[in-house]
Amino acid sequence: MASTSPAEDDDGDAAMWRAIREASATKRAANRQDSAQILANQGIPYSSHNGGVHLVVCGLWNFWPGTGKYMEIRGSRQGRGVFNLIALIDRGATLKGRN
């Protein structure tokens, strides 16, 4: 049975974690694009900040599309997922001026 040295194992672990970080960064970037497009397609107003990393939705929700986290600006409600945020808006929780 072939064995590897601890240094070789560390190199393999480092490469694995580097690949995981890169995949995660790619996924967050795709989430940023996709979530903004979903909001736009639904006619939900938002303003983009910090290169799309942070969105203010309807002037009442902070939303980070890379991770999917949202938080009410003046309240305690929070959650994850663009579709969950849209469901809150559709239930009339926050939206002004949406038909």
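Reader: In the hairpin of S1 and S2, which residue takes a positive phi?

Author: Asn50 does, with a phi near 55 degrees. The model here is a predicted one. This hairpin has four residues between its strands. Asn50 is not a glycine, yet its phi is positive. Its place is the loop between S1 and S2.

Reader: Is Asn50 buried or exposed?

Author: Exposed means over 50% relative accessible area. Asn50 has 62%, so it counts as exposed.

Reader: Which residue takes a positive phi in the hairpin of S2 and S3?

Author: Cys58, with a phi near 60 degrees. Three residues stand between the strands of that hairpin. Cys58 sits in the loop between S2 and S3. Here, too, the positive value belongs to a residue other than glycine.

Reader: Why does Cys58 count as buried?

Author: The cut-off for buried is under 20% relative accessible area. Cys58 has 17%, so it counts as buried.

Reader: Let me step back. What elements does the chain have, and in what order do they run?

Author: There are two helices and five strands. Starting at the N terminus, the run is α-β-β-β-β-β-α. The chain has 99 residues, and 27% of them are buried.

Reader: How do I read the sheet, and what is the order of its strands?

Author: Start with the general idea. Strands of a sheet pair through backbone hydrogen bonds, in a parallel or an antiparallel way. Now the case here. The five strands form an open sheet in the order S1-S2-S3-S4-S5, and the pairing is antiparallel.

Reader: Which strands stand at the edges?

Author: Strand S1 (46-49) and strand S5 (78-80) do. Each has a single partner strand, so one side of each lacks a neighbour in the sheet. As for twist, neighbouring strands are turned by 20 degrees against each other on average, direction ignored.

Reader: Which helix packs on the sheet, and which strands does it touch?

Author: Helix H2, residues 82-90. It touches S2, S3, strand S4 (69-72) and S5. The direction of H2 makes about 165 degrees with that of S3.

Reader: Over how many bridges do S1 and S2 pair?

Author: Over four, in the antiparallel sense. One position to look at is Ser47, which stands opposite Val56 in S2.

Reader: And over how many bridges do strands S2 and S3 pair?

Author: Strand S2 (residues 54-57) and strand S3 (residues 61-64) pair over three bridges, again antiparallel. Take Val56 once more: its bridge partner in S3 is Asn62. For Val57, the partner in S3 is Trp61.

Reader: How do I read the faces of a strand, and which residues of S2 lie on each side?

Author: In a regular strand, side chains alternate between the two faces of the sheet. In S2, His54 and Val56 are on one side, and Leu55 and Val57 are on the other. All four are buried, and both faces of S2 are covered.

Reader: Which residues does His54 touch?

Author: Leave out residues up to four places away in sequence. Then His54 touches Ser47, Ser48, His49, Asn62, Phe63 and Trp64. His54 lies in strand S2. Its relative accessible area is 18%, so it is buried.

Reader: Trp64 is on that list. Where does Trp64 lie, and which residues does it touch?

Author: Trp64 lies in strand S3. With residues up to four places away set aside, it touches Val53, His54, Lys69 and Met71. Its relative accessibility is 27%, so it counts as partly exposed. The C-alpha atoms of Trp64 and Ser48 are 10.0 Å apart, and the two residues are 16 residues apart along the chain.

Reader: Now the surface. Which residues form a nonpolar patch?

Author: Met16, Trp17 and Ile20. Together they have about 310 Å² of accessible area. Met16 belongs to helix H1, which covers residues 6-41. Its relative accessibility is 40%, so it counts as partly exposed.

Reader: What does the accessible surface of the chain come to?

Author: About 6700 Å². Carbon and sulfur atoms account for 52% of that.

Reader: What share of the contacts joins residues at least 24 apart?

Author: The share is 29%, among contacts between residues at least 6 apart in sequence.

Key
Residues are numbered from 1 along each chain as its sequence is written. This is a predicted model: local features need pLDDT of at least 70, side-chain atom pairs count only at pLDDT 80 or more; totals for chains, interfaces and linings use all residues. Side-chain values use heavy atoms; hydrogens and water are left out. Patches are made of residues with over 30% relative accessible area and no salt bridge: like charges are joined within 9 Å, nonpolar side chains (Val, Leu, Ile, Met, Phe, Trp, Tyr) within 5 Å. Accessible areas come from the Shrake-Rupley method with a 1.4 Å probe; for residues, only the protein chains shown count as cover. A salt bridge is a side-chain nitrogen of Lys or Arg within 4 Å of a carboxyl oxygen of Asp or Glu. Buried means under 20% relative accessible area, exposed over 50%, partly exposed in between (1.4 Å probe, protein chains only). Two strands pair if DSSP finds at least two bridges between them. Axes are lines fitted to C-alpha atoms, for helices over the stretch in contact, and angles run from 0 to 180 degrees between N-to-C directions. Contact means heavy atoms within 4.5 Å.
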